[in-house]
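Reader: I have the sequence and the fold open side by side. Could you walk me through them?

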Amino acid sequence: MRAARLIKMVLLLQSRPSMTAAELARELEVSERTVTRDAQALSEAGVPVYADRGRVGGYRLVGGYRTRLTGLHRSEAEALFLSGVPGALREMGLEDAASAARLKVSAALLPSLRDASRTAAQRFHLDAPNWFREPKTPVLLPAVADAVWDDRRITARYRRGEDEVVRELEPYGLVLKAGVWYLCARVAGGGSFRVYRIDRFTAVETGEERFEREPEFDLPAFWEERAEQFARSILRARVVVRLSPDGVRRLPHALDSLSAREALADADAPDGDGWVTVALPVESEEVAHTQLTALGPEVEVLAPESLRERFAGDALRLAGLYHPRDGV
């Protein structure tokens with residue numbers, strides 16, 4: 001889009017004394033002729049772009065021109081990068097800061113671009129929670145979010161089973177997963193990194209002491225690793241099933257998709273009817289019963305025998321329910 005390219009051109013010239021047409025063309029991924037037209041458009045819009053002629057010439061901004069973004073406070077600038085997640089901003093108590101940041105950015109844009117936030121909002125929206133689940137914001141989330149922003153240690157009391165545990169934590173980052181908020185934190189004093197559900201916190205006290213962040217800590221990578229570990233850790237049981245071709249297609253949608261695909265990759269070749277025998281890791285027999293029921297007649301349980309008997313009982317009950325009625 002030309003508007004975004006013009007803004008990028010101004011920022012490039014603002015960050016360097018001057019740039020040649022070839023350098024700008026390379027950065028903007030356009031032709032030098034387009035750079036010339038864009039520079040003319042900026043000049044006509046009041047941005048003082050000056051073209052130096054000659055072999056070593058180029059483009060520069062005259063008189064130390066700067067875009068008007070210097071009025072952003074730190075909290076506003078940080079919130080701006082989260083503005084695509086309005087619900088999360090509201091829950092963390094950052095909605096006002098993000099609103100102020102958006103207003104300041106809009107004021108710095110050319111008049112023809114000031115409806116950009118409205119047009120973007122009309123075209124893209126992120127709705128994080130799952131379907132059919134009423135999201136509930138943890139009461140202590142804003143306090144935890146403040147500590148994360150400020151790198152301040154917290155003393156957290158949280159529920160673990162029937163007990164309550166107190167930990168001093170270094171809060172590194174927040175993750176919103178399917179409508180549930182998690183804190184990725186390090187146990188104070190050089191302990192291990194752990195993940196906590198914030199809705200299990202019963203009290204949080206923020207200290208005055210700031211902690212020194214591990215410079216190599218990567219929140220997305222850490223979360224991806226822990227999420228995969230968690231998904232695998234709960235798959236403690238195993239069942240053996242036969243799947244029709246349609247059952248094979250639907251299996252990753254009924255169970256953990258990664259485990260289902262790995263199990264299918266290790267399965268033997270289909271039999272003469274196209275059915276495949278698969279050994280599946282599952283959380284428990286009870287959970288497997290619920291998940292595999294979604295496949296209906298496209299799955300046959302072979303083992304364990306107790307689960308096969310449960311499905312056989314389901315089949316008898318269904319047959320009774322759908323037995324032709326008298327006179328029908």
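Author: Gladly, and one term comes up front: contact, or touching, means heavy atoms within 4.5 Å. This is a predicted model, in which local features need pLDDT of at least 70 and side-chain atom pairs count only at pLDDT 80 or more, while totals for chains, interfaces and linings use all residues. Residues are numbered from 1 along each chain as its sequence is written, and side-chain values use heavy atoms, with hydrogens and water left out.

Reader: Which residues does I198 touch, not counting residues up to four places away in sequence?

Author: Leaving out residues up to four places away in sequence, I198 has partners that include P138, L141 and V144. The full set of residues it touches is P138, L141, V144, L174, W181, Y182 and L183.

Reader: Which element gives the largest share of the largest nonpolar core?

Author: A nonpolar core is a set of buried Ala, Val, Leu, Ile, Met, Phe, Trp, Tyr and Cys residues joined through side-chain atoms within 4.5 Å; buried means under 20% relative accessible area, exposed over 50%, and partly exposed in between (1.4 Å probe, protein chains only). The largest one has 20 residues, with V144, L169, L174, L183, I198 and F201 making the most contacts inside it. Two or more residues come from each of helix 8, strand 3, strand 4, strand 5 and strand 7, where helices (H or I, at least four residues) and strands (E, at least two) are DSSP runs numbered from the N terminus. The largest share, five residues, comes from helix 8.

Reader: In what order do the five strands of the open sheet lie?

Author: Two strands pair if DSSP finds at least two bridges between them. Strand 6 (193–197) and strand 7 (201–210) each pair on one side only, as edge strands. Strand 5 (residues 180–187) and strand 6 run antiparallel, joined by five bridges, and Y182 stands opposite R197 in strand 6. The pairing in the open sheet is antiparallel, and the order is 6-5-4-3-7.

Reader: Why do the buried residues of helix 2 line one face of the helix?

Author: In helix 2 (residues 21–28), the buried residues are A21, L24, A25 and L28. They pack against helix 1 (2–15), helix 3 (32–44) and strand 2 (58–61). Taking the directions from the helix axis to the C-beta atoms, these buried residues line one face because, seen down the axis of helix 2, they fall within an arc of 100°.
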